[in-house]
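Me: Please take a close look at the pairs of side chains inside this model, starting from one aromatic residue and moving on to the charged ones. I would like the reasoning set out step by step, with the burial of each residue considered alongside its partners.

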Amino acid sequence: MRENKGNEALRRKYAGKPQLTLEQLQAVLQHILQDIHDCCVAEGLHYTLFYGTLLGYQRHGDFLPWDDDADVGMLRGDYMRLVERYNAWAEKEGRDTRLVSMYHDKTYPHPYAKVFDTKTLKFEQMYYGSWGVHGVDVDLFPVDELPVEGPAREALVKQQTRLFRRLQLSLRGYENAPSRWKYHAGRLVSLVYPTWLRRYYLQKLNAQPPAGDTPFCTMALAPRHGVLKVYEKSAFGEFMLVPFGNAERMVAKGYISLLEKMYKNYLKVPKKEKQISHHDSEAYYIDEDGAGT
């Protein structure tokens, strides 16, 4: 993953070139999902489609027609094994995808991993007009067991939510802020949450809680709407192969209970005008001269 510095020049190089269509983008995402699936099968690991990708499976047996990203969830043990083994497996098998995480790159800003396609570039809108650059990617989220119940569990969930929000604040730049007050607000935030704290937040968020015999677990690193969701551990007890597009993918057998937690009403189809992507990004195939690699 590239740092923001210099990304605007690279983006200008691609300006005017044809962007990937939604159909092409979903084809690349399927390609990445296939590599993740093949590696998990080879290594004896389990995963489940997650968030909008899981919702797409439930409704369409494929991506949501307007979706331009993909998410996968894994229990922490399998997640760490995939993080450790994926790139060696991909290189050995001649695959053109790679995994990046905080364990591979000290500048990596997210508390979850990504598997990206090395033959594409995605310019992703960050804060205040800066751009992050990487290949088209699939997000990999670790699922942690909760070691406690009752008030203690609620306190742990609140603590993780607070850490995640502080991490997000530490990522906010201010150099390209669109107004004077946002510039000064950004500078203030950078003083309260300097960038060197980012690594600390990442380490704290990825500190696996001690195992406990409770019926709950949480997607601790990807809170929806700013609040962590607590899921029934039994939902991840078994996994099954299901058709997804023209391929087979894994989902947790208890995926309906996951969807019920993720969305207020997962059966309700949004209005036509809301069937749009919520990501501000541009994706391209890399030029033949290798620019951007």
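Reply:

**Phe-123 and the paired side chains**

Phe-123 is a buried residue, its relative accessible area being 0%. It should be kept in mind throughout that this is a predicted model. The residue to set beside Phe-123 is Tyr-284, which also counts as buried, at 3% relative accessibility.

Before that pair is described, it helps to see the aromatic pairs as a group, of which the model has 10. One of them joins Tyr-86 and Trp-89, whose ring centres are 5.7 Å apart and whose planes meet at 45 degrees, so this pair is classed as tilted. Both residues belong to helix α4 (residues 76–93), where they are three residues apart, or about one turn of the helix. Tyr-86 and Trp-89 are both buried. The pair formed by Phe-123 and Tyr-284 has its ring centres 5.9 Å apart and its planes at 80 degrees, so it is edge-to-face. Since Phe-123 sits in strand β5 (residues 120–125) and Tyr-284 in strand β12 (residues 281–285), the pair ties together parts of the chain that are 161 residues apart in sequence. Elsewhere, a single aromatic cluster is made up of Phe-50, Tyr-51, Tyr-112, Phe-141 and Tyr-231.

From the rings we can turn to the charges, where the whole structure contains 11 salt bridges. Among them is the one between Asp-144 and Arg-76, in which the closest N and O atoms are 2.8 Å apart. Here Asp-144 is part of strand β7 (residues 137–145) while Arg-76 is part of helix α4, so the salt bridge ties together parts 68 residues apart in sequence. Both partners are buried, Asp-144 at 2% relative accessibility and Arg-76 with a relative accessible area of 3%.

Strand β7 appears again in the salt bridges of Lys-114. With Asp-137, Lys-114 forms a salt bridge whose closest N and O atoms are 3.0 Å apart. That pair links distant parts of the chain, Lys-114 being in strand β4 and Asp-137 in strand β7, 23 residues apart. A further salt bridge joins Lys-114 to Asp-139, with 2.6 Å between the closest N and O atoms. Because Lys-114 lies in strand β4 and Asp-139 in strand β7, this pair ties together parts that are 25 residues apart in sequence. As for burial, Lys-114 counts as buried at 4% relative accessibility, Asp-137 counts as buried at 3%, and Asp-139 is buried as well. These residues do not stand in isolated pairs, for Lys-114, Lys-122, Asp-137 and Asp-139 are linked in a network of salt bridges.

Strand β4 (residues 113–117) also holds Asp-117, and this residue deserves a separate word. Asp-117 is buried yet has no salt bridge, the nearest side chain of opposite charge being that of Lys-119, 7.1 Å away. A salt bridge requires a nitrogen and a carboxyl oxygen within 4 Å, so a separation of 7.1 Å does not qualify. What the side chain of Asp-117 does reach is the backbone nitrogen of Thr-120, at 3.2 Å. Leaving aside residues up to four places away in sequence, Asp-117 touches Val-28, His-31, Ile-32, Asp-96, Thr-97, Gly-135 and Val-136.

The cysteines call for a similar check of distance, since no disulfides are found anywhere in the structure. For Cys-39, the closest cysteine sulfur is that of Cys-40, and at 5.9 Å it is too far for a bond. The cut-off for a disulfide is 2.5 Å between sulfur atoms, which is why that separation is not counted as one. Both residues are nevertheless buried, with Cys-39 at 0% relative accessibility and Cys-40 likewise at 0%.

One last buried residue brings together parts of the chain through its contacts. Leu-55, in helix α3 (residues 51–60), is buried with a relative accessible area of 7%. Its C-alpha atom is separated by 9.5 Å from that of Met-262, although the two residues are 207 residues apart along the chain. Apart from residues up to four places away in sequence, Leu-55 touches Leu-64, Leu-259, Tyr-263 and Tyr-266.

Notes: Residues are numbered from 1 along each chain as its sequence is written. This is a predicted model: local features need pLDDT of at least 70, side-chain atom pairs count only at pLDDT 80 or more; totals for chains, interfaces and linings use all residues. Side-chain values use heavy atoms; hydrogens and water are left out. Helices (H or I, at least four residues) and strands (E, at least two) are DSSP runs, numbered from the N terminus. Buried means under 20% relative accessible area, exposed over 50%, partly exposed in between (1.4 Å probe, protein chains only). Lys and Arg count as positive and Asp and Glu as negative; His and the chain ends are not counted. A polar contact is a pair of N or O atoms within 3.5 Å; within protein, one must be able to donate a hydrogen and the other to accept it, and residues adjacent in sequence count only if both atoms are side-chain atoms. Contact means heavy atoms within 4.5 Å. Rings of Phe, Tyr and Trp (its six-membered ring) pair if their centres lie within 6.5 Å; planes under 30 degrees apart count as stacked, over 60 as edge-to-face and the rest as tilted.
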